Amino acid sequence: MPEGGAARKWLLTAAERGNPATEIDRREPDDAAWSVNNQVRILVDGQEYFHRLLSELADTTAGDQVYLSAFIGDPTQRLQAAGPSIGAECARALDAGVIVRGLFWCQYLDVRKDFVPQNRSFVDLLYRLGGFAVLDQRIRAFGAHHQKFVVIRRPGRPDSDVALIGGIDPCPSRRDDSHHHGDPQVLPSIARVYGSRPAWHDAHLAVRGPAVAAVEHCFRERWHDTTSSRRQPFHGLREKFRTNKRGRIALPNQLPAPPRCGSHAVQLLRTYPSKIPRYPFAPRGEVSIARGYVKALRNARRFIYVEDQFLWSPMVAEVFAEALRREPALRMVAVLPSRPDKAGKVHVATSDVAHRKALDLLHAAGGDRLDVYELENTEGLPIYVHSKVCVVDDVWSTVGSANLNRRSWTYDSELTAAVVDESCPDGSRSHGFAQDLRLRLLREHLGRDADDVEDLVDPEQAAAVLRRSATALDEWHASGRTSTRPPGHLRFHPRPRVSKLTRAWAGPLGRVVIDPDGQPPWRRGRERW
């Protein structure tokens, strides 16, 4: 395959992105809608990510720039067990002369006062210390800015510039490791369902090279959006009398892209809803995450591996089901949470109805070529799967903030990185990036050492290994757990049971409120992609 052929086959063109208003695809030569020669590293679970985040922040000096976007950011979250919090490390950086800017989600309607009080605390902390941050409410009603990334630029050391992008927010419950005994700092909402110290599985990426500038560009597009950042009169009045005009301060001029340093093509896929007032960089919205998945799944021939927090949208499941119906040899493995992350009859019922319908679609299309798992730790406690990962044919892979639901594909703002390793474009060479990502995750779920992957390299053989592991653990539970527990975390994930009455009321409510469609009416329906 010629140079760049793998990227051109698997990644979106600028026209396929469908958002001519954005400048992100006009940054690269040869009309490419992605950057090449990047180096991407996998960060699995919060402990590894926070360790990397701490080392990168600690390596900043006067004149360096830090750009942070978070769904939930808690300045008290520790980056190491006995180390500093992220707020303390930002304070150190600011004191050293580092420029720090932040974008934090703020809910559209204050149904509950200070729904995410940690975000306000982080914004106020940065402002007091000489940084600057925005509580960003430029969203659709009941929507969210769900992007989770950090960009660090070092003007004197561009080869050390980095972007950290994925599904992990700097907040409690995230700092878990591969053994999954939980983070000592706990987010109360998840603790109500998953126990006093919830086990948490997640994924993130560390990117070096030209793609860093593209991630920064995403931050700048949101930052320079001149539409009102606050939609409620009371909040607007309160902000007017604060000394900082939040959202109006200029950023430093963007630096040139960092030098090339690897073999990875990286494409940033986004979701922005159609809304009024419009995003200037996406006036009709952007659904390139959905379109990126659709293109990749049309290329799928052998294997799809998915980890996701919310595989509960029939619309999204149909895209995967279509691939399974088209390719009789295609296998799919999905790793999901055992149950929703929130308690309450309405939330559980709406998610169960949609989740059941999505899984029915996939099982009907894939039959015995589909396996769906959940995870538990060695103490028998469920592991909350929060990661958003997909690997197709060991060539195309994504890690980011977007879940496999309609909200993430159309309604909230999301950011996902699609990676194609151009050193092994056809997937024939072992240990290209996508394969490394899949093997790293499977090894953790099977409880294996780093070099114990020989029987996992071939996807079909790997699927059989996963089945045997889950079967052994399920049988151990069924037998009363009297013998030695089998290794690994995998258990088969059952389809939720829902009554006709529950489907009648929870289905419509879920489609309108829990998992809404952010596209304009004329683009709704299957043909939107």
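**Exercise 1. Find what share of the contacts in the protein chain with a separation of 6 or more comes from residues 24 or more positions apart.**

Solution. Take contact as heavy atoms within 4.5 Å. Residues 24 or more positions apart then supply 79% of the contacts with a separation of 6 or more.

The model is predicted: local features need pLDDT of at least 70, side-chain atom pairs count only at pLDDT 80 or more, and totals for chains, interfaces and linings use all residues. Numbering starts from 1 along each chain as its sequence is written, and side-chain values use heavy atoms, with hydrogens and water left out.

**Exercise 2. Test the protein chain against the radius of gyration of a compact globule.**

Solution. Apply the globule rule, 2.2 Å times the number of residues to the power 0.38, with the radius taken over C-alpha atoms. For 529 residues this predicts a value near 24 Å; the chain has 22 Å, so the two agree. Next, the extents: the C-alpha trace spans about 65 × 55 × 55 Å along its principal axes. Finally, burial (under 20% relative accessible area, 1.4 Å probe, protein chains only): 62% of the 529 residues are buried.

**Exercise 3. Describe how helix H4 packs with helix H5.**

Solution. Helices are DSSP runs (H or I, at least four residues), numbered from the N terminus. H4 covers residues 86–95 and H5 residues 117–129. Their axes, lines fitted to C-alpha atoms over the stretch in contact, lie 10 Å apart at an angle of about 20°. Angles under 35 degrees count as roughly parallel, so H4 and H5 are roughly parallel. Now the residues: Ile86, Gly87, Cys90, Ala91 and Leu94 of H4 meet Phe122, Leu125, Leu126 and Leu129 of H5. By class, this contact has eight nonpolar, one polar and no charged residues; Gly counts as polar.

Key:
Axes fitted to C-alpha atoms, helices over the stretch in contact; angles between N-to-C directions. Helix = DSSP H or I, 4+ residues; strand = E, 2+ residues; numbered from the N terminus. Parallel < 35°, antiparallel > 145°, perpendicular 65-115°, else oblique. Buried < 20%, exposed > 50% of the residue type's maximum accessible area, 1.4 Å probe, protein only.
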